[in-house]
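I opened my notebook to look up how the helices in this model fit together. Here is what I wrote down, step by step.

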Amino acid sequence: MTPAAREYLAAYRASEKASKARQSLPAGSSRARVTTANARWSNAAEHRDRLEAQLSPAELAEVRERLKKEQAA
């Protein structure tokens with residue numbers, strides 16, 4: 001796996017982590033907590049998308065295959 005693919009994979013995982021943190025906020029959370037969680041997830045997703053745009057189709061296919069294996073386990 002290339003360094004660019006590894007960096008994308010790390011960004012993908014960070015985006016997933018931020019998404020889960022955002023989803024796990026309890027009902028009635030303060031507006032500030034919700035806004036902060038949304039901003040963190042948005043920044044992580046944008047970074048992930050920028051890195052994805054730099055990958056070749058072969059690198060992206062390799063990363064997606066690895067993610068499928070991890071999710072199946």
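My entries below go helix by helix, then through the packing, the core and a few single residues.

**Entry 1: before starting**

I noted that this is a predicted model.

**Entry 2: helix α1**

I began with α1, which runs over residues 3-23. I checked its length: at 1.5 Å a residue, its 21 residues should span 30 Å. The end C-alpha atoms of α1 are 30 Å apart, so the expected span and the one in the model agree.

Next I asked myself: which residues of α1 are buried? I found A5, Y8, L9, A11, Y12, S15, A18 and S19. I then looked up what they pack against, and the partners are α2 and α3. I added a reminder from class: an α-helix has 3.6 residues a turn, so residues three or four places apart point the same way.

**Entry 3: helix α2**

I did the same for α2, residues 31-54. This helix has 24 residues and reaches 35 Å from its first C-alpha to its last, close to the 34 Å expected. The buried residues I listed for α2 are A37, A44, A45, R48 and L51. They pack against α1.

**Entry 4: how α1 meets α2**

I wanted to know at what angle α1 and α2 cross. The answer is roughly 160 degrees, and their axes come within 8 Å. An angle over 145 degrees counts as roughly antiparallel, so α1 is roughly antiparallel to α2. I also wrote down that this crossing is left-handed.

Then I went through the residues that meet here. From α1 I listed E7, Y8, A11, Y12, A14, S15, A18, S19 and R22. From α2 I listed A37, N38, R40, W41, A44, A45, H47, R48, L51 and E52.

**Entry 5: how α1 meets α3**

I turned to α3, residues 57-72. α1 and α3 pack at an angle of about 45 degrees, with their axes 10 Å apart. That angle makes α1 oblique to α3. I noted that α1 passes α3 in a right-handed crossing.

On the α1 side, the contact is made by A5, Y8, L9, Y12 and R13. On the α3 side, I found L60, V63, R66, L67, E70 and Q71.

**Entry 6: the nonpolar core**

Which residues make up the largest nonpolar core? I counted ten: A5, Y8, L9, A11, Y12, L51, L55, L60, V63 and L67. α1 and α3 each supply at least two residues of this core. The largest share, five residues, comes from α1.

I picked V63 for a closer look. Leaving aside its neighbours within four places in sequence, V63 is in contact with M1, A5, Y8 and L9.

**Entry 7: a few single residues**

I started with A18, which sits in helix α1. Is A18 buried or exposed? Its relative accessibility is 14%, and buried means under 20%, so A18 counts as buried. Not counting residues up to four places away in sequence, A18 touches R40, W41 and A44. I also looked up A18 and N43, which are 25 residues apart in sequence and 9.4 Å apart in space, C-alpha to C-alpha.

A10 is in helix α1 as well. At 44% relative accessibility, A10 counts as partly exposed. The C-alpha atoms of A10 and E59 are separated by 14 Å, and these residues are 49 apart along the chain.

E59 itself lies in helix α3. I found 16% relative accessibility for E59, so it counts as buried. From E59 to R6 is 53 residues along the chain, and their C-alpha atoms are separated by 9.7 Å.

Last came K69, found in helix α3. K69 has a relative accessible area of 57%, and exposed means over 50%, so K69 is exposed. I compared its place with that of R48: the two are 21 residues apart along the chain, with C-alpha atoms separated by 20 Å.

Terms used: Residues are numbered from 1 along each chain as its sequence is written. This is a predicted model: local features need pLDDT of at least 70, side-chain atom pairs count only at pLDDT 80 or more; totals for chains, interfaces and linings use all residues. Side-chain values use heavy atoms; hydrogens and water are left out. A nonpolar core is a set of buried Ala, Val, Leu, Ile, Met, Phe, Trp, Tyr and Cys residues joined through side-chain atoms within 4.5 Å. Buried means under 20% relative accessible area, exposed over 50%, partly exposed in between (1.4 Å probe, protein chains only). Helices (H or I, at least four residues) and strands (E, at least two) are DSSP runs, numbered from the N terminus. Contact means heavy atoms within 4.5 Å. The expected span of a helix is 1.5 Å times one less than its number of residues. Axes are lines fitted to C-alpha atoms, for helices over the stretch in contact, and angles run from 0 to 180 degrees between N-to-C directions. Angles under 35 degrees count as roughly parallel, over 145 as roughly antiparallel, 65 to 115 as roughly perpendicular and the rest as oblique. A crossing is left-handed if the near helix is turned anticlockwise from the far one by less than a right angle, and right-handed if clockwise.
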